[in-house]
Amino acid sequence: TGAAMEFRELEVELAPHGSSSVLFDVVRRLQALGAGAQVFESKVHRVLGASGPLTPELRSPHLSAHSSVADLLRAELTVQTATLVANDAGIRLGLGPEPLHLTRVAARRIRSALRVFRPLLDRAWANRLRSDLEWLGNILGAARDADVLMQRLRARAAGLDAPLAPQRARLIAALHEGSDAKYKGVRRVLKASRYARLLERLVV
């Protein structure tokens, strides 16, 4: 249609050890200078012009002292599934080892939760999920182990004498090649229909 949408947005975030009182003070000062109210809509939502608030698929139940066992499990599955989804793009884009590490931990925690709650669950349903999560975890684990090995060998190789520099360079190059191959394997898995079905079942 040729229509365009423009908006300006200021984001205020706390440093790791920042004080929330400072954050609120900064927000108040910005609003006093003309900034509008806080907007909780995502940029994508505004640009695409979706009407009404977006309803997230992953909604964690409110937990209290009176929460049911089902709510406890649902809350844990929601947190860990959200971690899987949030780190998916980071793995695909090769943004370093952290997204892969977080995804692996989340998959392992889901499997653990399904094992703990197994007596209360449909066995066939839980076993199928655990099997697919084990499949995913094995692929992620191989790439993660390669990362850890490379970090350790880099640290050890740094202390080698100068005459051993060529051997050190060849070793590091070989490790990089092996790690790259494992990451390619992970990215192939993320494109597989089995992985997509796993995410769908977790969300449901």
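The points below describe a predicted model of a single chain, moving from its overall make-up to its helices, its core and its surface.

1. Overall make-up. The chain contains seven helices and zero strands, so that a reader who follows the elements from the N terminus meets the order α-α-α-α-α-α-α. The chain has 204 residues, and 27% of these count as buried.

2. Helix α3 and its length. Helix α3 covers residues 69-92, which amounts to 24 residues. From its first C-alpha to its last it reaches 35 Å, a value close to the 34 Å expected at 1.5 Å a residue. Even with that span, α3 carries a kink of about 30°, and the centre of this kink lies on Ala 86. Just after the helix, Gly 94 adopts a positive phi of about 65°.

3. The buried side of the account for α3. The buried residues of this helix include the nonpolar Leu 73, Leu 77, Leu 84 and Ile 91, but the list also names Thr 78, Gln 80, Thr 81, Asn 87 and Asp 88. Ala 75 and Gly 90 are buried as well.

4. The largest nonpolar core. This core is made up of 27 residues, and those with the most contacts inside it are Leu 84, Leu 100, Ile 110, Leu 133, Leu 136, Val 186 and Leu 202. The elements that contribute two or more residues to the core are α3, α4 (97-116), α5 (123-157), α6 (165-190) and α7 (193-203). Among the contributors α5 gives the most, with seven residues. Leu 84 deserves a second look, since this residue is listed both among the buried residues of α3 and among those with the most contacts inside the core.

5. Leu 199 and Thr 81. Leu 199 is found in helix α7, and with a relative accessible area of 16% it is buried, because that value falls under the 20% cut-off. The C-alpha atom of Leu 199 is separated by 7.6 Å from that of Thr 81, although the two residues are 118 residues apart along the chain. Thr 81 is itself one of the buried residues of α3.

6. A nonpolar patch on the surface. Val 12, Val 22 and Val 26 form a nonpolar patch on the surface, and together they have about 200 Å² of accessible area. Val 26 has its place in helix α1, which covers residues 20-32. How exposed is Val 26? Its relative accessible area is 32%, and Val 26 is therefore described as partly exposed, since this value lies between the 20% and 50% cut-offs.

Terms used: Residues are numbered from 1 along each chain as its sequence is written. This is a predicted model: local features need pLDDT of at least 70, side-chain atom pairs count only at pLDDT 80 or more; totals for chains, interfaces and linings use all residues. Side-chain values use heavy atoms; hydrogens and water are left out. Helices (H or I, at least four residues) and strands (E, at least two) are DSSP runs, numbered from the N terminus. The expected span of a helix is 1.5 Å times one less than its number of residues. The bend at a residue is the angle between axes fitted to the seven residues ending there and the seven starting there. Buried means under 20% relative accessible area, exposed over 50%, partly exposed in between (1.4 Å probe, protein chains only). Patches are made of residues with over 30% relative accessible area and no salt bridge: like charges are joined within 9 Å, nonpolar side chains (Val, Leu, Ile, Met, Phe, Trp, Tyr) within 5 Å. Accessible areas come from the Shrake-Rupley method with a 1.4 Å probe; for residues, only the protein chains shown count as cover. A salt bridge is a side-chain nitrogen of Lys or Arg within 4 Å of a carboxyl oxygen of Asp or Glu. A nonpolar core is a set of buried Ala, Val, Leu, Ile, Met, Phe, Trp, Tyr and Cys residues joined through side-chain atoms within 4.5 Å.
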